Amino acid sequence: MKAMVYTEYGPPEVLQLEEVEKPTPKEDEVLIKVHAVSINGSDWEGLIGKPLYARLGGLRRPSNKILGSDIAGRVERTGSSVREFQPGDDVFGEIPGYHGGFAEYACVPEERLVRKPARLTFEEAAAIPQGAVIALQGIRDMGQVQPGQNVLINGAGGSAGTFAVQLAKLYGAEVTGVDNAGKMDFLRSLGADHVVDFTREDFTKSGERYDLILDIAAYRSVFATRRALKPNGRYFCVGGSTAVLFQALLLGPWIRRMAGKHMRILAVQPNREDLGFMTELCEVGKIVPVIDRRYPLSEVPEALRYVGEGRAKGKIVITVDQN
Ligand SMILES: NC(=O)c1ccc[n+]([C@@H]2O[C@H](COP(=O)([O-])OP(=O)(O)OC[C@H]3O[C@@H](n4cnc5c(N)ncnc54)[C@H](OP(=O)(O)O)[C@@H]3O)[C@@H](O)[C@H]2O)c1
């Protein structure tokens with residue numbers, strides 16, 4: 001099968017379209033003919049090997065040579081213990097460990113997949129898994145957002161952020177979206193009440209206070225961000241600099257005791273229930289999986305460059321099978 005392969009961390013040029021062996025499903029896995037795969041920030045990080053946590057699978061070289069986590073396609077074969085799916089079923093989900101989707105075929109554990117609703121295209125379905133589940137667990141579960149609360153989403157214009165903005169609005173919050181200058185109108189179109197261009201303005205110094213800050217691009221110290229939280233406010237960091245993630249991990253419990261503010265890492269637990277919940281919202285049009293651009297498999301390097309340069313508004317989708 002054809003796959004976009006890399007053997008060293010680096011810029012998009014390290015990726016090569018190659019012929020590789022078609023994977024064989026383990027007993028609990030499903031072999032999927034990939035129709036579409038979407039790009040997340042984690043693919044870009046996995047490509048360049050930064051931040052440091054992106055090298056968890058291989059410090060010097062990537063141990064897994066095919067990136068791409070969020071796939072949608074048709075079941076071709078099933079492992080011996082798979083009960084729920086059969087060849088011919090249309091499914092989608094997230095591959096554990098964020099790998100293997102930039103290819104014509106991929107194997108995914110049955111427990112990670114849900115059926116693709118007929119109302120969603122393969123591209124729309126592929127755009128949902130990782131970003132939507134991060135948003136759900138950040139806004140609903142950890143954030144416990146209530147109507148009228150002030151919610152700030154940092155990194156609001158990317159994959160997870162676009163779902164988070166829409167979901168926070170759906171739960172009745174007043175939403176501030178933070179991202180680069182090119183995404184301000186886009187954030188307003190998603191429903192953000194206020195927008196902040198992080199290249200010109202530091203939201204921690206504006207004097208505004210929030211009930212929840214969901215930090216998808218955490219590059220400010222927890223001490224700076226703490227200022228922007230209301231008493232009893234909540235802060236969850238999802239991705240960003242390793243130093244800030246460590247601060248939240250080590251200092252979060254202390255800040256909680258001293259200042260009563262929750263500051264923690266959001267360790268996302270992918271699961272079918274949450275994916276199903278977000279998919280239903282997409283089916284009925286309450287949430288839109290926003291697709292900025294589509295590329296063929298051979299143009300994954302260009303697609304990743306577009307994401308890495310900060311130009312993607314929402315999701316970038318690779319259409320693997322044009323039929
Ligand atoms: N905690 C977990 O369990 C978990 C699970 C899965 C993924 N993740 C992490 O989630 C993170 C984000 O995912 P994603 O797919 O939404 O990424 P994404 O699509 O790349 O979106 C990130 C957005 O943040 C913006 N941004 C960058 N620096 C910023 C800053 N200093 N202030 C405000 N905005 C900034 C980016 O714009 P520019 O491009 O202009 O920089 C981009 O629009 C990744 O770091 C990934 O590793 C965490």
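The following questions and answers concern a sheet and a ligand site in a predicted model.

Residues are numbered from 1 along each chain as its sequence is written. In this predicted model, local features need pLDDT of at least 70 and side-chain atom pairs count only at pLDDT 80 or more, while totals for chains, interfaces and linings use all residues; side-chain values use heavy atoms, with hydrogens and water left out.

Q: Why are β8 and β9 called paired strands?
A: Two strands (DSSP runs of E, at least two residues) pair if DSSP finds at least two bridges between them. Five bridges join β8 (residues 150-154) to β9 (residues 174-179), so the definition is met. Asn154, for instance, has Val178 in β9 as its bridge partner.

Q: What makes β10 and β13 edge strands?
A: The open sheet has the order β10-β9-β8-β11-β12-β13, with parallel pairing. β10 (194-197) and β13 (262-265) each pair on one side only.

Q: How do you know that Lys183 makes a polar contact with the ligand?
A: A polar contact is a pair of N or O atoms within 3.5 Å. A polar side-chain atom of Lys183 lies 2.7 Å from an oxygen atom of the ligand, so the pair qualifies. A polar backbone atom of Ser159 is 2.8 Å from a ligand oxygen atom, and therefore qualifies too.

Q: How much of the ligand's exposed area does the protein bury?
A: By the Shrake-Rupley method with a 1.4 Å probe, the ligand alone exposes 930 Å², of which the protein buries 84%.

How values were computed:
Helix = DSSP H or I, 4+ residues; strand = E, 2+ residues; numbered from the N terminus. Polar contact = N/O pair within 3.5 Å; in protein donor to acceptor, adjacent residues only side chain to side chain.
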